[in-house]
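Please look over the sequence and the structure below before reading on. The report that follows takes up a few residues in turn and then turns to the confidence of the model.

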Amino acid sequence: MFGISSEYIIKKYEGYEPKFGHDPEGAFLASYNQYEGPERKPEFDQEDAFTVSYNQTDPNIIRDGIDSVSVIAETSDTYLINYHGYVAGCLRVTRRGMIELGESLLGAQDGIPKWVIQGSVSDEELPWWVPDDYDVALTFECQECEKEVASENILTPGECEIESPEQFCEDCWEVIRTEWRTEHFR
Ligand SMILES: [Zn+2]
C-alpha cells in the first residue's frame, strides 16, 4: 500500500468505514465509524500530523480513491499513517516504510504532481522522509491568463479524455468552463 513493502508495515488497522451524508443545510459530509475490532486504532492527533493530499486537477471528475495521507511520528522508529478517502485506515510502519511512502507519493513526478503537501510549508519545514527533489514552490502557467499557479491550484479539465489537456487557473476556469464543456462534451 502506498508503495510500502509489506516487511516495513508493522500493523494495518482497518475496519472503519466511511459514512457519507448531508448536514441540514445540504452540505456534503464525510465521517468515519470508529474502528471497533478487538484492537482499536491507535490514537492519532490530526493536529500534529503532516498531510499529503491527492492533487485532483480535473474539475470534471469525482474520484473514488484515497485523497489524504497524514503522518505522525509515534516513536523514533515507528510512524502512524492515517489515510482517508473512499476507504480509510491506519498503518504503523518503520522508518524504512516512511522512506518508501515519501518516494512513492512525492518522488520524481513528471508534470503536475499527483500528490502534494498540504498547507504552505517551506523547504526547511519538510519532514526527513520527503524526497530531496520535492519542490514546494513548483508552479505551472495558466494557458489563458499566463499567471503562474501553484501545483495544487492548477486545473487540467478533460485530463482523462484529452491527450494534451490545457492548464488553467481557478479564476479563468470559472469564466470559461461552460463554453469549454459545450465545446468538448457536446
Ligand atoms: Zn488564468
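## An exposed loop residue

S76 counts as exposed, because only 7 C-beta neighbours fall inside 10 Å, and a residue is exposed if 12 or fewer other C-beta atoms lie within that distance. The model in which S76 is seen is a predicted one. S76 belongs to the loop that runs between β5 (66-73) and β6 (78-85).

Along the chain, S76 and R95 are 19 residues apart, and in the model their C-alpha atoms are separated by 8.2 Å.

## Two residues with positive phi

F2, which is not a glycine, has a positive phi, near 55 degrees. This residue sits in the segment before β1 (9-13), and F2 is classed as partly exposed because 19 other C-beta atoms lie within 10 Å, whereas 20 or more would be needed for a residue to be buried.

E146 is likewise a residue other than glycine with a positive phi, here about 65 degrees. E146 is placed in the loop between β9 (139-141) and β10 (148-150), and it counts as exposed, with 9 other C-beta atoms within 10 Å.

## Confidence along the chain

The average pLDDT of the chain is 87, and 90% of the residues score at least 70. Among the elements of the chain, helix α1 (residues 95-106) has the highest mean pLDDT, at 97, while strand β3 (residues 28-32) has the lowest, at 66. Where pLDDT is low, predicted coordinates should not be read in detail.

Key. Residues numbered from 1 in each chain as written. Predicted model: local features only at pLDDT ≥ 70, side-chain atom pairs only at ≥ 80, totals over all residues. pLDDT = per-residue confidence, 0-100. Helix = DSSP H or I, 4+ residues; strand = E, 2+ residues; numbered from the N terminus.
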